[in-house]
Amino acid sequence: MHKNFKNIDKIVYGKGAFNQIDDILAPKRDENDKFMVFIVDKYFEGKKLADRIPAHDGDMVFFEDIDQYEPTTDQVDRLRDQILAEKGLPSGIIGIGGGSIMDIAKALSLMVTNEGSSQLYQGLNLVKKAGIYHMGVPTVAGTGAECSMTAVLTGPVKKLGLKCDWTVFNQAVLDPELLATVDTNQWFYTGMDCYIHCIEAESGLYFNAYSKAYGDQALALCREVYLGDNAGQNLENDEKLMIASLFGGLSLTYSEVGACHAISYGLSKILGTRHGFANCLAFYHLEEFYGDAVGEFKEMIKKHNVDLPQGLSKEWSEETIDAMVEVSYNLPHMWNHAIGLDWEEKWTREDIKKIFKRL
Ligand code: NAD
Ligand code: ZN
């Protein structure tokens with residue numbers, strides 16, 4: 001059966017688009033218990049952007065720390081419980097930050113109307129009731145979380161998204177000016193999430209013309225941003241990267257990630273390695289899957305003098321590696337795409353282990 005993809009309802013894009021948030025929210029403010037909840041990356045606390053958040057009296061603003069861990073089911077449950085207990089059902093949830101914050105906002109918009117822990121809903125179409133209005137405002141570009149139908153959370157058992165039509169944002173606000181303060185390594189790691197999404201999407205079973213159309217554009221933009229004459233962090237490139245991220249996400253929505261994300265999920269679940277960084281660690285060693293793209297990726301690393309440590313696996317015990325292999329092996333949709341529906345006949349835990357040992 002073909003995918004029946006739910007897109008974002010509305011998108012505003014361009015320099016200064018952040019200033020339109022208040023107007024966009026105005027017609028929603030009468031819904032439910034008449035207050036908005038802003039989930040903002042803690043990085044912005046005390047910074048200029050914090051003063052520009054259009055919070056009204058009665059709204060709630062949470063500056064969430066996502067540096068210790070990627071978003072967890074506990075974090076979402078805690079926020080949900082506090083919001084419902086203190087003020088009731090919000091009119092909307094606005095996530096201002098990178099993929100981590102956007103995923104928290106997406107998950108929260110579902111969990112305010114669905115009982116029990118968010119752990120119960122990690123998977124496809126497990127959410128029972130529609131969530132509430134939610135808006136995503138990316139401040140670092142590459143994950144495609146602004147358009148995807150999943151809110152990735154790490155729970156006690158798995159790192160897996162709450163995936164359903166209701167997860168998708170009602171509104172995305174894509175303001176390239178918000179990317180200016182991202183440090184070079186993070187700009188690279190998150191941007192490479194987009195590049196890798198497109199390469200993985202095109203290297204497997206589920207690739208198709210829809211995925212290719214968006215993926216080709218996103219890759220062309222990534223190449224300009226990271227390898228072009230004007231390569232580097234500047235407003236012109238931030239305008240491009242913001243759209244590359246969106247298109248990379250759309251390419252992926254109609255295809256699938258593969259070996260790199262499967263290895264990356266193992267690193268993130270067992271060692272807490274951050275998503276973009278974990279992808280880069282894995283992609284560097286996946287020439288047999290991604291061929292010339294790995295060479296191009298290495299060129300980008302060199303050009304921007306990015307930190308990408310090698311030899312990490314020397315420090316890992318066999319138990320740690322086996323645990324990562326188990327996480328990675330148990331992502332059949334990714335291996336289906338990367339290797340084929342008969343992947344279990346061609347690909348073993350030992351093969352995955354060999355990849356981890358290269359890192
Ligand atoms: P992030 O949200 O984890 O943030 C990375 C770092 O960048 C943090 O230290 C943050 O404080 C900082 N940062 C963000 N914006 C900044 C700015 N403007 N200036 C300075 N610092 C800034 O980064 P990410 O790579 O966007 O997101 C990764 C997360 O997204 C992971 O949790 C991953 O699982 C998730 N993800 C989700 C999807 C999806 O479809 N839902 C897809 C890919 C990744
Ligand atoms: Zn990714």
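Strands β5 and β8 (residues 159–163) of this predicted model run parallel to each other and are joined by two bridges. Strands here are DSSP runs of type E with at least two residues, helices are runs of type H or I with at least four, and both are numbered from the N terminus. Two strands are said to pair if DSSP finds at least two bridges between them. Within this pairing, L124 sits across from K163 of β8. A third strand joins in, giving an open sheet with the order β5-β8-β7 and mixed pairing. The edges are taken by β5 (123–124) and β7 (150–154); each has a single partner strand, so one side of each has no neighbour in the sheet. As background, sheet strands pair through backbone hydrogen bonds, in either a parallel or an antiparallel way.

A few conventions help in following the numbers. Residues are counted from 1 along each chain as its sequence is written, while chains are lettered from A and ligands numbered from 1 in the order in which they are written. Local features need a pLDDT of at least 70 and side-chain atom pairs count only at pLDDT 80 or more, whereas totals for chains, interfaces and linings use all residues, and side-chain values use heavy atoms, with hydrogens and water left out.

Another strand to look at is β2 (36–41). How many of the six residues of β2 are buried? Six of the six are, so β2 is largely enclosed by the rest of the structure. A residue is called buried under 20% relative accessible area, exposed over 50%, and partly exposed in between, using a 1.4 Å probe and protein chains only. The side chains of M36, F38 and V40 point one way from β2, those of V37, I39 and D41 point the other way, and all are buried. Five parallel bridges connect β2 with strand β4 (residues 92–97), where V37 has I93 as its bridge partner. Five bridges also connect β2 with strand β3 (residues 60–64), again in parallel, and here F38 is partnered by V61. The side chains of β3 alternate: M60, F62 and E64 point to one face and are buried, while V61 and F63 point to the other and are not.

Just before β2 comes a loop that starts after α1 (21–25) and contains N32. N32 has a phi near 55°, a positive value in a residue other than glycine, and it counts as partly exposed at 38% relative accessibility. K34 lies in the loop between α1 and β2 as well. Its phi is positive too, about 60°, although K34 is not a glycine; with a relative accessible area of 53%, K34 is exposed. Towards the start of the chain, K3 belongs to the segment before β1 (10–13) and is partly exposed at 41%. K3 and T253 are 250 residues apart in sequence, yet their C-alpha atoms are 8.8 Å apart in space.

The zinc ion (ligand 2) is held by four protein donors: D193 (OD), H197 (NE2), H261 (NE2) and H275 (NE2), at 2.1 to 2.2 Å. Donors are N, O and S atoms within 2.8 Å of the metal (3.2 Å for Na, K and Ca), and sites may look incomplete because water is not among the atoms. Along the chain, these donors follow the spacing D-x3-H-x63-H-x13-H. Two of them link distant parts of the chain, with H197 in helix α5 (residues 184–202) and H275 in helix α9 (residues 275–283), 78 residues apart. Both H197 and H275 are buried. Why is the arrangement around the zinc ion irregular? The angles subtended by the four donor atoms run from 83 to 169°, which makes it so. For comparison, four donors count as tetrahedral if all angles lie between 85 and 135 degrees; four count as square planar and six as octahedral if opposite donors are over 155 degrees apart and all others between 65 and 115; anything else is irregular.

Finally, the largest nonpolar core has 101 residues, among which F188, Y195, F283 and F356 touch the most other members. Such a core is a set of buried Ala, Val, Leu, Ile, Met, Phe, Trp, Tyr and Cys residues joined through side-chain atoms within 4.5 Å. Helix α5 gives the largest share of this core, ten residues.
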